[in-house]
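Here is a set of short questions on how certain labels are earned. Each reply sets a value against its cut-off.

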Amino acid sequence: HTRYWRDWSSDVCSSDLDIGQATNSALLSLAIPQYQQWNFTLQKSLWSSVLLEAAYVGNKGSHVSVSNINIDSIPAAEMTALGAGAQTLVANPFYGIITDPTSTLSLATVARKQLLLPYPQYTSVSSEAPSLGSSTYHSLQAKVEKRFSKGFTFLAAYTMSKILTNATSVGIEDPTNLNLERSLATWDVFQRVVISGVYELPFGKGKIVGNHWNRGLDAVLGGWQLNQITTFQGGFPLALTSTSGVRPNRVHPLAAMSGSTASRVLQYFDTSAFTLPAAFTYGNAPATEPDVRTPGIDNTDLSLSKNFRFKERITAQLRFESFNTFNRAQFAGPGTQAGTTSFGVITTQQNQPRKLQAAVKIIF
């Protein structure tokens with residue numbers, strides 16, 4: 001196994017003070033992270049102020065850094081073959097050499113699995129592997145833009161994308177086989193829509209309504225501007241774990257769950273599709289679940305503003321702003337540990353209730 005890790009062009013460098021304990025170490029590598037990016041874009045003008053755009057955007061990462069990896073591990077197949085024998089106590093060759101009383105390696109006997117590790121003198125070796133990861137990103141990006149004219153501008157952007165990687169931000173289950181880690185990234189968002197606009201209300205001097213208002217009435221009712229931004233976004237894929245310390249087993253396809261998120265907080269997804277793996281085995285669930293995602297985003301912010309000019313160089317702006325205008329609850333992700341009572345249960349809200357505020361800004 002030591003030779004296996006050296007095939008990754010790596011060595012472990014740790015202080016002797018860590019002997020018998022868990023340690024951290026950097027893997028040495030001459031590989032430099034590489035990223036390739038490409039895109040293809042089509043644009044079409046409709047009339048003089050409307051632009052349509054569609055693009056394919058992709059990128060690929062090679063030799064990407066992988067974190068949260070315990071390199072002091074044996075392959076899953078060997079672990080399964082050992083079974084319960086992995087815990088059989090055998091004579092400890094470090095007895096009398098490792099004398100730290102807080103270390104399990106200071107005892108006369110030790111679990112057989114410990115002596116089969118690449119670095120048996122440590123209880124674990126956590127590391128960041130600088131060149132073992134890879135990633136791919138593909139997306140369709142489209143937008144409709146109306147340039148500012150007649151007191152109105154509008155932008156709608158849509159993105160459909162997919163990110164695959166083995167450099168996940170969750171724990172690596174089998175460090176000796178990173179191919180098993182390739183899955184959707186924890187930050188993958190399948191679809192996202194953002195709609196924004198600015199609209200000068202048609203009231204006041206030079207507008208459709210109120211062109212003949214006196215100066216006082218125009219100062220109060222004229223010249224207001226409405227701003228809006230709305231975001232719709234899908235959720236992130238869930239990284240499931242279990243009380244066994246590994247991922248759960250996926251035993252059947254997920255049953256569809258009906259109803260709104262608020263009605264499913266006690267069972268957000270079909271938890272019966274997952275079971276605990278047998279002892280001394282890894283679960284077959286991927287690093288992240290493509291069809292089990294956190295609740296998405298449905299949010300609208302509005303603001304109403306007006307500028308008041310004083311003399312030539314001083315302008316005061318009055319703003320009324322509303323965040324989460326429609327007071328929609330955005331729930332956090334559900335519990336992700338199979339075998340616990342919180343598995344599939346949502347217990348918290350991610351966003352804040354509707355918030356209103358008024359502000360005055362002086363520009364000079």
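Q: Where is Phe310 found?
A: Phe310 lies in strand 16. The model is a predicted one.

Q: Why does Phe310 count as partly exposed?
A: Its relative accessibility is 46%. Partly exposed is the class between under 20%, which is buried, and over 50%, which is exposed. Phe310, at 46%, therefore counts as partly exposed.

Q: What makes the nonpolar surface patch that includes Phe310?
A: Phe310, Ile314, Val360, Ile362 and Phe364 make it. The patch covers about 580 Å². Patch residues need over 30% relative accessible area. Phe310 has 46%.

Q: How do you know that strand 10 and strand 16 pair?
A: Ten bridges link strand 10 to strand 16 (residues 297–310), in the antiparallel sense. At least two bridges are needed for pairing. One contact to look up is Trp224, with Lys306 as its bridge partner in strand 16.

Q: What makes strand 9 and strand 10 a pair?
A: Nine bridges join strand 9 (residues 191–200) to strand 10 (residues 224–233). The cut-off is at least two. The two strands run antiparallel. Gly197 has Gln228 as its bridge partner in strand 10.

Q: Why is Gly85 called buried or exposed?
A: Gly85 sits in the loop between helix 2 (76–82) and strand 4 (89–91). Its relative accessibility is 16%. Buried means under 20%, so Gly85 counts as buried.

Q: How many residues apart in sequence are Gly85 and Phe326, and what is the C-alpha to C-alpha value in space?
A: They are 241 residues apart in sequence. In space, the C-alpha to C-alpha value is 59 Å.

Note on methods
Residues numbered from 1 in each chain as written. Predicted model: local features only at pLDDT ≥ 70, side-chain atom pairs only at ≥ 80, totals over all residues. Heavy atoms only, no water. Helix = DSSP H or I, 4+ residues; strand = E, 2+ residues; numbered from the N terminus. Patch = residues over 30% accessible without salt bridge, like charges linked within 9 Å, V, L, I, M, F, W, Y side chains within 5 Å. Areas by Shrake-Rupley, 256 points an atom, 1.4 Å probe, with all protein chains shown as cover. Salt bridge = Lys/Arg side-chain N within 4 Å of Asp/Glu carboxyl O. Buried < 20%, exposed > 50% of the residue type's maximum accessible area, 1.4 Å probe, protein only.
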